[in-house]
Amino acid sequence: MSSDPPGFELPLRLFLGFRMLIDELHAELGRQGHPDLRPMHGFVLQAIGGSGCTAVELGRTLGVSKQAAGKTIETLERLGYVVSARDPQDSRKKIARISERGWDALRRSAEIFDRLRAGWAETLGEERLRALESDLRKVTPADPWRLDVPGWFST
């Protein structure tokens, strides 16, 4: 009888680690004045980025429909995280850009993630955490910034 855990446990443990970090992030963001942000919104803000994008571009990046992307932009605009304006080059297009409130949430998120990582380092030890991060880099694609997770989860 093998003492190895069953194969399905690895993706569940990885997902649980991700979920714990995201849940802790959003709890702290809520305490710091961003109670309406949801995990999906982080993907959206990252996809919009510094130069902004249209709903079509956002949908393509996230792997969701243009309509779903447009509704999410509208939600984030209503919450004050995004501003939309007509594209000066093509008035048929609306460009979504991150507002100052959105940038504040992103800055706070980065700081919170650093603190969460420090907590894991305290629990596991810095060397073991660095080894874990190194090992994950070996078994995952070199570019970790895939933002199509929302679309992937819904397929």
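**Helix packing and loop contacts in a predicted model**

Leu 37 touches His 26, Leu 29, Leu 76, Tyr 81 and Ala 105, once residues up to four places away in sequence are set aside. That makes a handy way into this structure, which is a predicted model. Leu 37 sits in the loop that joins helix 1 (9-31) to helix 2. Despite being a loop residue, Leu 37 has a relative accessible area of just 6%, and because the cut-off for buried is under 20%, Leu 37 counts as buried. One of its partners, His 26, is 11 residues away along the chain, and the two C-alpha atoms are separated by 7.2 Å.

Stepping back to the whole chain, the secondary structure amounts to seven helices and two strands. Read from the N terminus, the order is α-α-α-α-β-β-α-α-α, which puts the two strands between helix 4 and helix 5. Along the principal axes, the C-alpha atoms fill a box of roughly 65 × 35 × 25 Å. The chain has 155 residues, and 29% of them count as buried. As for how contacts are spread over the sequence, take those between residues at least 6 apart: 55% of them join residues at least 24 apart.

How much confidence does the predictor attach to all this? The mean pLDDT of the protein chain is 92, with 93% of the residues at 70 or more. Confidence peaks in helix 5, at a mean of 98, and bottoms out in helix 7 (residues 149-154), at a mean of 64. Where pLDDT is low, predicted coordinates should not be read in detail.

Now for the helix packing, starting with helix 2. This helix (residues 39-48) meets helix 4 (residues 66-79) with the axes coming within 11 Å and crossing at roughly 95°. An angle from 65 to 115 degrees counts as roughly perpendicular, so helix 2 and helix 4 are roughly perpendicular to each other. On the helix 2 side the contact uses His 41, Val 44 and Leu 45, and these meet Thr 72, Thr 75, Leu 76 and Leu 79 of helix 4. Sorted by class, the residues are four nonpolar and three polar, with no charged ones. Leu 76 turns up twice in this picture: it belongs to the helix 4 side of this contact, and it is also among the residues touched by Leu 37.

Helix 2 packs against helix 3 (residues 55-62) as well, at an angle of about 120° and with the axes 10 Å apart. Helix 2 is therefore oblique to helix 3. The crossing of these two helices is right-handed. Met 40, Phe 43, Val 44, Ala 47 and Ile 48 come from helix 2, and they meet Leu 58, Thr 61 and Leu 62 of helix 3. Here the tally is seven nonpolar residues, one polar and no charged. Val 44 takes part in the contact with helix 3 and in the one with helix 4.

Further along the chain, helix 5 (residues 100-124) and helix 6 (residues 126-139) have axes that come within 6 Å and cross at roughly 115°. Helix 5 supplies Arg 117, Trp 120, Ala 121 and Leu 124, while helix 6 supplies Glu 126, Arg 128, Leu 129, Arg 130, Leu 132 and Glu 133. That contact splits into five nonpolar and five charged residues, with no polar ones.

A few other loop residues round out the story. Ser 99, in the loop between strand 2 (94-98) and helix 5, is buried at a relative accessible area of 10%. Leaving out residues up to four places away in sequence, Ser 99 touches Gly 80, Tyr 81, Val 82 and Val 83. Tyr 81 is also listed among the contacts of Leu 37.

Ser 51, by contrast, is exposed, with a relative accessible area of 59%. This serine lies in the loop between helix 2 and helix 3, and with the same sequence neighbours left out, Ser 51 touches Ile 95 and Arg 97. Ile 95 is 44 residues away along the chain, yet the C-alpha atoms of Ser 51 and Ile 95 are separated by 9.1 Å. Ala 142 is exposed too, at 82% relative accessibility, and lies in the loop between helix 6 and helix 7. Its C-alpha atom is 21 Å from that of Arg 60, a residue 82 places away in sequence.

Terms used. Residues are numbered from 1 along each chain as its sequence is written. This is a predicted model: local features need pLDDT of at least 70, side-chain atom pairs count only at pLDDT 80 or more; totals for chains, interfaces and linings use all residues. Side-chain values use heavy atoms; hydrogens and water are left out. Axes are lines fitted to C-alpha atoms, for helices over the stretch in contact, and angles run from 0 to 180 degrees between N-to-C directions. Helices (H or I, at least four residues) and strands (E, at least two) are DSSP runs, numbered from the N terminus. Contact means heavy atoms within 4.5 Å. Ala, Val, Leu, Ile, Met, Phe, Trp, Tyr, Cys and Pro count as nonpolar, Asp, Glu, Lys and Arg as charged, and the others, Gly among them, as polar. Angles under 35 degrees count as roughly parallel, over 145 as roughly antiparallel, 65 to 115 as roughly perpendicular and the rest as oblique. A crossing is left-handed if the near helix is turned anticlockwise from the far one by less than a right angle, and right-handed if clockwise. pLDDT is the predictor's confidence in each residue, from 0 to 100. Buried means under 20% relative accessible area, exposed over 50%, partly exposed in between (1.4 Å probe, protein chains only).
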